[in-house]
Amino acid sequence: MNKPIRRLLVANRGEIALRVIRACRELGIETVQVYSEADANSLAVKLADRSVCIGRAHSGDTYLNAPFLVNAALMHQADAVHPGYGFLSENGAFAEMCEQHGLIFIGPSAQVIRAMGDKAMARKLAKEAGIPITPGSDGNVSGIDEARDVAERIVYPVILKASAGGGGRGMRVVWNAGGLAEAFREAAREAKGAFGDDAIYVEKYLTRIRHIEIQVLGVGDRVLHFGERDCSIQRRNQKLVEESPSPALTEELRSRLGEAALRLCRHVGYTNAGTIEFIFDEESKQFYFMEMNTRIQVEHPVTEMVTGFDLVKCQIQMMTGEPLAISQEQIRINGHALECRINAEDPENNFLPCPGLITRYHSPGGPGVRVDSHVFSGYTVPPYYDSLLAKLICWGRTREEALARMRRALDEMVIEGIKTTLGFHKRLLEQEQFQQGNFHTRYVQEVFLL
Ligand code: MV4
């Protein structure tokens, strides 16, 4: 693995492509940006050292086309490929294809990607590593009858999850025996359609929980954790606001969660940046493993703001075989950071995506404010990809200071020409309960939007 990276292919688009280019620039690594025809005028194409158009707008032909991406990397003599998040970032076949062609895939081995991509397998691995998991089935269930037996044993409500799913896709909550058969058929059909695999497993469904995830980074037996992010503010499995540290954790719980995350990493021999997702029951103070994401995530900047580490730089540097010169004791959480995701969506219309021309754009600034965005005045948001326009990240010495900065920065920010979620965030930040840090994963749905 001791091979330097001189040139890296950025196999993604939007703000994360810029994020990777920025890290590479600081590391003295040349970048090759791939792009679709719809992204020809993107900032990533302008900022990268080289660029290569690999197809038309449709993502199946471009950012999801593994052979095209590998071909572009080889043609431009890249040493490494950064997949960003989404697209092929957690695709075992893509990682394998990179490996087979002598390219450093900035991520874990294909084998680890596949193991964690199988959510029933990930649950089994977590259990082996001694991490608490919710009561539920031992692996996948064979059908409706076994699902019903498990549900009776663990007591309703239960949640049916697609083993090939993750991130909340292909899930059904079942409140009583009467609803099981139909929910099972729906979940299996949805899973088959979306992932080509209808395997289902069953868990006890917990309500009033927080979604708390631990950031990890490292190589094999030298993995470090960078504290947690509270991602409970979401709607229909789309995160809207993330923060670190979680208002709900004590120092003791934080270190227990961190230790649990590291046990899983050591158990599977994890290499890369990664995130271990837990659900946290505030009443009982219990946490349970949910899944592991084997990529850099959208919300990584909040962790960067409170720890001071450039996670993307570390992630790339690590893959050259150079050991990370960081010890766990050096990773200290300083102050508080929040991130608001500004999307091209209409909150007044069920968060319907609103692509189109941005006629005016002004980015906020000042102390403690960071904006990760690929948009500018005159940029047209294409309709083909996700609707993330900008991540507004604010840091403060305390949560209160970070919140005050966020309110101030949201007021400074101008995006005209299309509908955005800016107004949603302004209203959310006025909520007493949110200000108190008192929320759960159903907060937006049940408390705020009503
Ligand atoms: C759960 C759960 C409650 N109980 N599992 C959603 C994302 C995925 N990583 C795990 N998820 C959940 N798993 C058990 N046993 C609650 C969630 C969950 C959720 C579920 C449905 C709709 C929105 C949700 C938001 C956060 C967490």
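Four strands, β6 (158-166), β8 (200-204), β12 (272-281) and β13 (286-293), each supply at least two residues of the shell around the ligand in this predicted model. By domain, at least three residues of the shell come from each of domain 2 (135-204) and domain 3 (210-448). The ligand is surrounded by 18 residues, and the closest are Lys-161, Glu-203, Lys-204, Glu-277 and Glu-291. In character, the shell divides into seven nonpolar, six polar and five charged residues.

Polar contacts to the ligand involve several of these side chains. A nitrogen atom of the ligand lies 2.5 Å from an N or O atom in the side chain of Glu-277. For the side chain of Lys-161, the corresponding distance from a ligand nitrogen atom to an N or O atom is 2.9 Å, and for that of Glu-291 it is 3.0 Å. Of the 520 Å² of accessible area that the ligand has on its own, the protein covers 89%.

Turning to the aromatic residues, the model holds 13 aromatic pairs. In one of them, Phe-351 and Phe-424 meet edge-to-face, with 5.5 Å centre to centre and 75° between the planes. Phe-351 lies in the loop between β15 (345-346) and β16 (352-353) and Phe-424 in helix α13 (residues 422-429), so this pair ties together parts 73 residues apart in sequence. Both Phe-351 and Phe-424 are buried.

Phe-424 also forms an edge-to-face pair with Phe-448, at 5.3 Å centre to centre and 75° between the planes. This pair links helix α13 to helix α15 (residues 443-448), with the two residues 24 apart. Phe-424 has a relative accessible area of 0%, while buried Phe-448 has one of 10%. Elsewhere, ring pairs link Tyr-63, Phe-87, Tyr-384 and Tyr-385 into a cluster.

Terms used. Residues numbered from 1 in each chain as written. Predicted model: local features only at pLDDT ≥ 70, side-chain atom pairs only at ≥ 80, totals over all residues. Heavy atoms only, no water. Near = heavy atom within 4 Å. Polar contact = N/O pair within 3.5 Å; in protein donor to acceptor, adjacent residues only side chain to side chain. Areas by Shrake-Rupley, 256 points an atom, 1.4 Å probe, with all protein chains shown as cover. Nonpolar A, V, L, I, M, F, W, Y, C, P; charged D, E, K, R; others polar. Domains from an automatic or database assignment. Phe/Tyr/Trp six-rings, centres within 6.5 Å; stacked < 30°, edge-to-face > 60°. Buried < 20%, exposed > 50% of the residue type's maximum accessible area, 1.4 Å probe, protein only.
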